[in-house]
Amino acid sequence: MSFETLLDLQDIRMNFGAIEALRGISFTVGKGEVVALLGDNGAGKSTLVKIISGGLKPTAGRMMFEGNERAFASPAEAKAEGIETVYQDLSLCTNVDVVGNFFMGREIVKKYFGIPVLQEKEMEKVVADAMAHAGTRIPSLRTNVEYLSGGQRQAIELNRFAHWGGKLVLLDEPFAALGVEQTRRGLDMIKRIAAQGIGVIIITHIMTQAFQVADRIVVIRQGKVAGDVAAKKTSPDEVVRMITGESMIGTAQETRPNGP
Ligand SMILES: Nc1ncnc2c1ncn2[C@@H]1O[C@H](COP(=O)(O)OP(=O)(O)O)[C@@H](O)[C@H]1O
Ligand SMILES: [Mg+2]
């Protein structure tokens, strides 16, 4: 399956003083493609995600998004273009209900005799439809988020992202705090979101998760791409070898220890 290019990273470099955290990262993410970003601790994954979502300015390199070169000065700028990191919990107001969180800052208001009135029923219907479309069940949309599970909160954030025209979502170890069943639902939801044409970059250190959800696997090792390969064309063992530096596939310095 081939995807229309959404994000194209070209030789991204990031120095923190004398530390070269990223030493020339290039890869693409397509519309509707799920890319799992793997690599050992300190490889540079989180740094890269922060650069893509406007949280860090790279030392060098180009970032093309939908065919145009972009340099985001802040996460808000990236978000306005449809690029967002979803962190579990952090962007929800726990003392506000599901509908309120979904519409935060975008409430539907109608004026009656000049007086603005929130259209609660209309908003509730929009949220119910969006959740149903994504296969997410939440008992009551009028429940404050503080009473919902981590998985439900993540579902709200992802549904909200998709509903408001999100194009590329970044997830950094999204299931670290979730149980088995919630993780399974989360993986399903990522697939459903990608099926709508949204690009996904997911960082995970759990190999089975990467293979369950990803179309492509990109391995970062010591700030460089050490592997870039279709998930169907590799194996967990091979990916481990890329992570540890025993093999490099889909890169300029390709080496396959066991042929071809
Ligand atoms: N703000 C920072 N200042 C200095 N060094 C940093 C900073 N952020 C990350 N690093 C360094 O950059 C490298 C990559 O880190 P990181 O992107 O967090 O790796 P990963 O997410 O793959 O574990 C590490 O050596 C880390 O110590
Ligand atoms: Mg990290």
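Q: What makes up the accessible surface of the chain?
A: About 12900 Å² of the chain is accessible, and carbon and sulfur atoms hold 52% of that. Such areas come from the Shrake-Rupley method with a 1.4 Å probe; for residues, only the protein chains shown count as cover. This is a predicted model, where local features need pLDDT of at least 70, side-chain atom pairs count only at pLDDT 80 or more, and totals for chains, interfaces and linings use all residues; side-chain values use heavy atoms, with hydrogens and water left out. Residues are numbered from 1 along each chain as its sequence is written, while chains are lettered from A and ligands numbered from 1 in the order in which they are written.

Q: How do you know that the radius of gyration agrees with a compact globule?
A: The rule for a globule is 2.2 Å times the number of residues to the power 0.38, with the radius taken over C-alpha atoms. For 260 residues the rule gives a value near 18 Å, and the chain has 20 Å, which agrees. Along its principal axes, the C-alpha trace spans about 70 × 35 × 35 Å.

Q: What secondary structure does the chain have?
A: You will find eight helices and 12 strands. Both are DSSP runs, numbered from the N terminus: helices are H or I with at least four residues, strands are E with at least two.

Q: How do you know which residues surround ligand 1?
A: A residue is near a molecule or strand if one of its heavy atoms lies within 4 Å of it. Around ligand 1 stand F16, I19, A21, D40, N41, G42, A43, G44, K45, S46 and T47. They divide into four nonpolar, five polar and two charged residues; here Ala, Val, Leu, Ile, Met, Phe, Trp, Tyr, Cys and Pro count as nonpolar, Asp, Glu, Lys and Arg as charged, and the others, Gly among them, as polar. Helix α1 (45-52) gives the most to this shell, with three residues.

Q: What makes G42, A43 and S46 polar contacts of ligand 1?
A: A polar contact is a pair of N or O atoms within 3.5 Å; within protein, one must be able to donate a hydrogen and the other to accept it, and residues adjacent in sequence count only if both atoms are side-chain atoms. From an oxygen atom of the ligand, a backbone N or O atom of G42 lies 2.7 Å away, and one of A43 lies 3.2 Å away. S46 uses a polar side-chain atom, at 2.9 Å from a ligand oxygen. Taken alone, ligand 1 exposes 570 Å², and the protein buries 59% of that.

Q: Why is α1 called largely enclosed?
A: Six of its eight residues are buried, so the rest of the structure largely encloses α1. These are K45, T47, L48, V49, I51 and I52. Buried means under 20% relative accessible area, exposed over 50%, and partly exposed in between (1.4 Å probe, protein chains only). In the whole chain, 45% of the 260 residues count as buried.

Q: Is Q119 buried or exposed, and how do you know?
A: Its relative accessibility is 12%, which is under 20%, so Q119 counts as buried. Q119 lies in the loop between β8 (115-118) and α4 (120-133), and its side chain reaches the backbone oxygen of V117 at 2.9 Å.

Q: Is I190 buried or exposed, and how do you know?
A: A relative accessible area of 3% is under 20%, so I190 is buried. I190 is found in helix α6 (180-195). Beyond its neighbours within four places in sequence, I190 is in contact (heavy atoms within 4.5 Å) with V34, L171, F175, V200, I202 and V213.

Q: Is K232 buried or exposed, and how do you know?
A: K232 has 84% relative accessibility, which is over 50%, so this residue counts as exposed. K232 sits in the loop between β12 (224-230) and α8 (236-244).

Q: What makes the phi of D11 and E66 worth a look?
A: Most residues other than glycine have a negative phi. D11, in strand β1 (5-16), has a positive phi of about 55°. E66, in the loop between β4 (60-65) and β5 (68-69), has a positive phi of about 50°.

Q: Why is D11 called partly exposed?
A: Its relative accessible area is 35%, between the 20% and 50% cut-offs, so D11 is partly exposed.
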